[in-house]
Amino acid sequence: QVQLVESGGGSVQPGGSLRLSCAASGSIFRVNAMGWYRQAPGRERELVAGITTGGITNYADSVKGRFTISRDNVKKTAYLQMNSLKPEDTAVYYCNAEILGLGDWGNEYWGQGTQVTVSS
């Protein structure tokens with residue numbers, strides 16, 4: 001059974017930093033693209049950042065220059081370093097990954113979500 005487990009959320013003051021982690025585990029052949037999404041109350045889930053297996057990244061305009069996505073393919077883990085946090089970054093952050101499991105053709109998986117709150 002494949003799962004994504006997130007960690008690193010919490011509360012921080014504006015201008016502060018947090019680092020999220022997302023580890024894939026289970027019967028995995030390969031982890032393809034990974035990404036981070038977020039959903040604020042009353043808003044739709046939106047892509048924050050994505051990264052391919054080869055390390056190509058993309059970011060939402062609202063986080064460019066402040067957030068950095070990275071991954072460790074050996075550990076099957078993605079990271080989101082969030083700097084210069086703003087109150088509007090407050091949301092539940094979800095990890096997403098395309099994973100080819102042993103014996104399947106590949107599926108999309110979601111983590112359970114981790115709360116990030118930016119407030120003074």
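Start by selecting C22 and C95: these two cysteines form a disulfide, with their sulfur atoms 2.0 Å apart. Keep in mind as you go that this is a predicted model. The link between C22 and C95 is left-handed, at -80 degrees about the S-S bond. Now colour the strands that hold the two ends. C22 belongs to strand β3 (residues 18-25) and C95 to strand β9 (residues 91-101), so the bond ties together parts that are 73 residues apart in sequence. Switch on a surface and check both cysteines: C22 is buried, and C95 is buried as well. No need to hunt for a second bridge, as the structure holds 1 disulfide.

Next stop, the aromatics. Select Y37 and W110, which make up an edge-to-face pair, 5.0 Å centre to centre with 65 degrees between the planes. Trace the chain outwards from each ring: Y37 is in strand β4 (residues 28-39) and W110 in strand β10 (residues 107-110), so far along the chain that 73 residues separate them. Are these rings buried or partly exposed? Y37 is partly exposed, with a relative accessible area of 22%, and W110 also counts as partly exposed, at 35%. The structure holds 1 aromatic pair, and you are looking at it.

Leave W110 on screen and add R45. The charged end of R45 sits over the ring of W110, 4.7 Å from its centre. Then bring in Y94: the charged end of R45 sits over that ring too, 3.7 Å from the centre of Y94. Show R45, Y94 and W110 together as sticks to finish the tour, with the arginine's charged end over the ring of Y94 and over the ring of W110.

Technical notes:
Residues are numbered from 1 along each chain as its sequence is written. This is a predicted model: local features need pLDDT of at least 70, side-chain atom pairs count only at pLDDT 80 or more; totals for chains, interfaces and linings use all residues. Side-chain values use heavy atoms; hydrogens and water are left out. Rings of Phe, Tyr and Trp (its six-membered ring) pair if their centres lie within 6.5 Å; planes under 30 degrees apart count as stacked, over 60 as edge-to-face and the rest as tilted. Helices (H or I, at least four residues) and strands (E, at least two) are DSSP runs, numbered from the N terminus. Buried means under 20% relative accessible area, exposed over 50%, partly exposed in between (1.4 Å probe, protein chains only). A charge sits over a ring if NZ of Lys or CZ of Arg is within 6 Å of the ring centre and within 35 degrees of the ring normal. A disulfide is a pair of cysteine sulfur atoms within 2.5 Å.
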